[in-house]
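Reader: I have a few questions about how the pockets and contacts in this entry earn their names. Could you walk me through them?

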Amino acid sequence: MNEALAETKIFIDGEPRSAESGATYELRNPARPTELVGHAALASKGDVEDAVNAAHAAFPAWAALSYANRAEKLREIAAALSADEQAVAHRSELFTREHGKIRRETMLELSRLGDRFMQVAAFADRLASNEELGPSSMGPPFDTIITRQPRGVAALIVPWNWPLSILGAKLPQALLSGNTVVVKPAQNSAMVPSLTLKIIAELLPKGVVNFITGSAREIGDALVGHRLVRTVNFTGSIPVGRHVMRVAAENLTPVTLELGGNDAAIVLEDAELGPEAFQKMYLGTFSSSGQICMALKRLYVHESRYDEVVDGFRAACDRAVVGDGLLQDTTMGPVNNAGQLKVVTDMISEARAAGADVVECGQIPDEELYFGGGYFQRPTLVLDADQSLTVVKDEQFGPVLPIMKFSAEEQAIQMANNSDFGLCSSVWTQDAERAVRVAQRLEAGYTYLNNHGPMSQDGRAPFGGFKMSGVGRNLGYEGILGFTESHSITGPGGFLFKNLDTQ
Ligand code: NDP
């Protein structure tokens, strides 16, 4: 184990540097909050100014490259991110120590980022081909090209829960389409994103990728409201998303907001259930200790299968090993921070006080650690939960799940849609036609069939929310188009395409 204190810097205009004020802040291990893991630079408004100006200055040259050139850069970055196995292992260990999540998950995030750069690079040809509209006998007498242009400086704001995967849902997309960026990782998980972003930034012309760490209270508005920022792509909570939208509105800056979710899963009476399905439900709910926007957060089960689901799910939860994410046998680490732990434990206390059947599962090999002040909570089920409980109505973003019964498909759809959230959902059935029919009635941006969560997500498809779960889409082709403006160019019929055809 590498116990040396880490120290990370910000990166502006091709150079790593300390914050303008020289200030840093501490990051501590959520499994043992007395353990200092390292220090990250505490940027101030002057650093924001420098980062945005550097990105603005780098924009014309980066935007002038072809999509093919930029795609090639993305592929180089993907290769560099995984080139040095020892360095990847070191970053994975530091990631677990600063974040809490288990090693298998930090390794997965580190490798997924490169995959996302490769996936995005594959869209280069599609972006390069303009739509062409010639004159037709019925239509207007024009030749028109519809092309795409990058917006300019993109501010990318990332939360702590899946900082690298979420970075991969916005950074390669912004770069391929020709934008330059300023990234703001979350305060609670800043060091490994900084080390990773440094690798990326050093492979690009100076100013194309800049990043600043610190507290959004100090630098958030300065970044989002900067007059040279031409698009904001934010992932985080609903209250902050709403604030970001207000600040961006001052300059009419477009925003993409990926916000919270309260994903419903509907298990229909004909679902194929067994240990494999229960393990998928478990992972869809409790991976990363439940701190995933697209985690399963409300489980609605047809009454004829309810007991079977409760027994099977409980068995899967009982196999959980809760403890220090650095240990090989641990399958669930701590919650990332004290505030988030309190949200979860308050929900559990409220359910208990209301007389609900609350079951805490899983094994705790190291009770001294578990009860020693770390932000731990075992996987917890609230059975036959009343719809009025906070654990049903609000996003838990932690290891607790309510399970409810329904008697008819229509009722399940209504209960699933009875929420201000609308991020993801899932339908569990053996009947594909029924699955799609039910999915199309759910108010959610993504529906998984017979699975739930990040491991069952197709990165080629757009991702985002209905209702208060967000505005716009990340991932897929649509996620790239969000970083572009469309530009129509029209001439008299025969002028453009005759000339183009003869070139
Ligand atoms: P927050 O909204 O508190 O923070 C998210 C990011 O925004 C952090 O980088 C934070 O910086 C920054 N931020 C905070 N205030 C401002 C501001 N005024 N201007 C600009 N940036 C700001 O969310 P959490 O970090 O607590 O993340 C958890 C939430 O994110 C959950 O609700 C979850 O559902 C949601 N989420 C949604 C996802 C999706 O794809 N829909 C994916 C993952 C999470 P700092 O750390 O310095 O405060």
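Author: Happy to; the answers below take up the pockets, and then the ligand. Please keep in mind that this is a predicted model.

Reader: How much space lies in the largest pocket, and what lines it?

Author: The largest pocket holds about 1300 Å³ of space. Its lining has 48 residues, and those closest to the centre are Gly 236, Ser 237, Ile 238, Pro 239 and Val 240. To count as lining, a residue needs an atom within 4 Å of a grid point, so each of the 48 meets that cut-off.

Reader: Which helices and strands supply at least two residues each of that lining?

Author: These are helix H9 (216-224), strand E11 (229-235), helix H10 (238-249), helix H13 (338-353) and helix H15 (390-393). H9 provides the largest share, with seven residues. By class, the lining divides into 23 nonpolar, 16 polar and nine charged residues.

Reader: How do you know that the ligand sits in the largest pocket?

Author: The test asks for more than half of a molecule's atoms within 2 Å of the pocket's grid points. The ligand is found to sit in the largest pocket, so the ligand passes that test.

Reader: What makes a residue part of the shell around the ligand, and which come nearest?

Author: One heavy atom within 4 Å of the ligand is enough. There are 31 such residues, and Val 158, Ser 237, Leu 259, Cys 293 and Glu 395 come nearest. H9, E11 and H10 each supply at least two residues of this shell, and H9 gives the most, four residues. The shell has 17 nonpolar, 10 polar and four charged residues.

Reader: Why is the pair between Val 158 and the ligand called a polar contact?

Author: A backbone N or O atom of Val 158 lies 2.7 Å from a ligand oxygen. The cut-off for a pair of N or O atoms is 3.5 Å, so this pair qualifies. A side-chain N or O atom of Lys 184 is 2.9 Å from an oxygen atom of the ligand, and a polar backbone atom of Gly 236 is 3.2 Å from a ligand oxygen. Those two pairs therefore qualify by the 3.5 Å cut-off as well. Taken alone the ligand exposes 910 Å², and the protein buries 87% of that.

Reader: And what lines the second largest pocket?

Author: Its 18 lining residues include Ile 102, Arg 104, Glu 105, Leu 283 and Ser 287, which lie nearest the centre. The volume of this second largest pocket is about 310 Å³. H11 gives the largest share of its lining, four residues.

Key: Residues are numbered from 1 along each chain as its sequence is written. This is a predicted model: local features need pLDDT of at least 70, side-chain atom pairs count only at pLDDT 80 or more; totals for chains, interfaces and linings use all residues. Side-chain values use heavy atoms; hydrogens and water are left out. On a 1 Å grid over the protein atoms alone, a cavity is a set of points where a 1.4 Å probe fits but cannot get out, and a pocket is an open set with protein on both sides within 12 Å along at least five of seven lines; lining residues have an atom within 4 Å of a point. Grid points are joined across faces, edges and corners, and a volume is the space filled by probe spheres set on the points. Ala, Val, Leu, Ile, Met, Phe, Trp, Tyr, Cys and Pro count as nonpolar, Asp, Glu, Lys and Arg as charged, and the others, Gly among them, as polar. A polar contact is a pair of N or O atoms within 3.5 Å; within protein, one must be able to donate a hydrogen and the other to accept it, and residues adjacent in sequence count only if both atoms are side-chain atoms. Accessible areas come from the Shrake-Rupley method with a 1.4 Å probe; for residues, only the protein chains shown count as cover.
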